[in-house]
Amino acid sequence: MQCSSIRLSCYRKISVSLLSLLFLCVSGFSPQILAKTPKPIITASGHKVTFSDTRKRLTGLLGELGEPTWSSKELKRMSQTVHAYLSAFSGRQYDSTLAALQRGDRYRAMIRTKLASAKVPMAFEALPMAESAYRFNVRSKAGAVGLWQFMPASARHYGLHVGKTLDERTDPARATDAGVKYLKFLNRKFGQTSVLLSVAAYNAGEGRIARVIRKSGVKSKDRGYSHVLRYLPKETRGYVPEFLAAALILKDPKHFGFPISKQRPHRYVQIVQPLSVKKVAEISKIPEKEVKQLNPELKKYGSTPKNNFFLRIPSEAALQLHKNQRKTKIWKTARNPITFDSSIRKNHVAGEKSITQILYTVRKF
């Protein structure tokens, strides 16, 4: 997950004192901070998310991932870091997080289907959120591209064509196939110790995580991620709680102030070959203006820009398009789809300040 932290920047640095201190705390630098309970998060809807609530939800998620019971101290440290990310995503980074969730609705049903087929944890749907903020064509400074932020060599290894005229890393469906294959490999290698080590390996590389495990001496699942944590690279110690925060938001976006859609039902049509906006409107029997309103990225294009583009249109129009274009596939909206109403941030004051800010720094795949 590359151009991330849903800040949608191409650099990932932790620039504010609280978050920096939290990361130092994770590495055991400042035990005094652990005595302080983080302030509640006030979401855009005015709902209060307390630290104890974050800790409870995180405990549940760790249980779903098969993590062994952590000590109270270990769980508190991780909960503090996750709470800081949630505070940023629901506060200062609210608008960019909302934009990422809106884009994610386009792909999540497809991603969940492929994850279920591969029999890997459904929480992995949060990886493209942290990697690319669900931008199918984003490119990092290091050269990683797409939803899953593959570097060229890794992409080719998992069956993607990367060339001057065709780069399948920007193909959402094919890139997801490759991403799921890689996650399945990582989970076979590290999942018996900890699923979170699979996430860490996605960030730092499987070779580096294998060396970390050897160094830590952890050999069985009854020890888990928390016993390997202090040996991980600093960036990866931040990446894993970022993933966990994203996963918690995707499980219950409304709880964190991201309103669920109440609009008429929409579907996502996976268009195999580029199709002009005019042709889409003509076949689906809706105005071109509506096609572009529902798919803002098309405003600068005369046609769908890439193979397997995911087009958002009303359900009846999607069925009409699919009927007349056989090389399409219809996906239902993801569970708890996010609204596309841009006015929902009514409880946030313009120019409000926040003590946390998360920026992004590119990593090598």
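This is a short dialogue about how to read several features of a predicted model.

Colleague: Let's begin with the whole chain. How many helices and strands are there?

Modeller: Keep in mind that this model is predicted. The chain holds 13 helices and seven strands. Of its 365 residues, 56% count as buried. Among contacts between residues at least 6 apart in sequence, 74% join residues at least 24 apart.

Colleague: Which parts have a pLDDT under 50?

Modeller: Take the average as a starting point: the chain has a mean pLDDT of 82, and 81% of the residues score at least 70. Now look at two stretches. Over residues 1–34 the pLDDT stays under 50, and the model has 120 contacts beyond four places in sequence for them. Residues 346–365 also stay under 50, with 77 such contacts.

Colleague: Thanks! Next, the sheet. In what order do its three strands lie?

Modeller: The general idea is that strands of a sheet pair through backbone hydrogen bonds, either parallel or antiparallel. Here the order is β5-β4-β6, the sheet is open, and the pairing is antiparallel. Strands β5 and β6 (328–331) stand at the edges with a single partner strand each, so one side of each has no neighbour in the sheet. On average, neighbouring strands are turned by 30° against each other, direction ignored.

Colleague: How many bridges join β4 to β5?

Modeller: Six bridges join β4, residues 266–271, to β5, and these two strands run antiparallel. To find one of them on screen, pick H266: its bridge partner in β5 is P314. A helix packs on this sheet too: α4, residues 94–118, touches β4, β5 and β6, and its direction makes about 115° with that of β5.

Colleague: And for a pair of helices, at what angle do α8 and α9 cross?

Modeller: Two packed helices are described by the angle between their axes and the distance between the axes. For α8 (residues 195–204) and α9 (residues 206–216), the axes come within 7 Å and cross at roughly 130°. The two helices are therefore oblique to each other. On the α8 side, L197, A200, A201 and A204 make the contact, while α9 contributes E206, R208, I209 and I213. By class, that contact has six nonpolar residues, two charged ones and no polar ones.

Colleague: I have heard about positive phi values. What is phi of K119?

Modeller: Most residues other than glycine have a negative phi. K119 is not a glycine, yet its phi is positive, near 60°. K119 sits in the loop between α4 and α5 (127–132). Y134 has a positive phi as well, about 60°, and is not a glycine either. Its place is in the loop between α5 and α6 (152–157).

Colleague: Are K119 and Y134 buried or exposed?

Modeller: Check the relative accessible area. K119 has 75%, so K119 is exposed. Y134 has 1%, so Y134 is buried.

Colleague: One last residue, please. Where does Y301 lie?

Modeller: Y301 is in the loop between α12 (288–294) and β5 (309–314). With a relative accessible area of 30%, Y301 is partly exposed, because buried means under 20% and exposed over 50%.

Colleague: Which residues is Y301 in contact with, leaving aside neighbours within four places in sequence?

Modeller: Y301 is in contact with N137, V277 and K292. You can also compare positions along the chain with positions in space: Y301 and S276 are 25 residues apart along the chain, and their C-alpha atoms are separated by 8.6 Å.

Definitions and conventions: Residues are numbered from 1 along each chain as its sequence is written. This is a predicted model: local features need pLDDT of at least 70, side-chain atom pairs count only at pLDDT 80 or more; totals for chains, interfaces and linings use all residues. Side-chain values use heavy atoms; hydrogens and water are left out. Helices (H or I, at least four residues) and strands (E, at least two) are DSSP runs, numbered from the N terminus. Buried means under 20% relative accessible area, exposed over 50%, partly exposed in between (1.4 Å probe, protein chains only). Contact means heavy atoms within 4.5 Å. pLDDT is the predictor's confidence in each residue, from 0 to 100. Two strands pair if DSSP finds at least two bridges between them. Axes are lines fitted to C-alpha atoms, for helices over the stretch in contact, and angles run from 0 to 180 degrees between N-to-C directions. Angles under 35 degrees count as roughly parallel, over 145 as roughly antiparallel, 65 to 115 as roughly perpendicular and the rest as oblique. Ala, Val, Leu, Ile, Met, Phe, Trp, Tyr, Cys and Pro count as nonpolar, Asp, Glu, Lys and Arg as charged, and the others, Gly among them, as polar.
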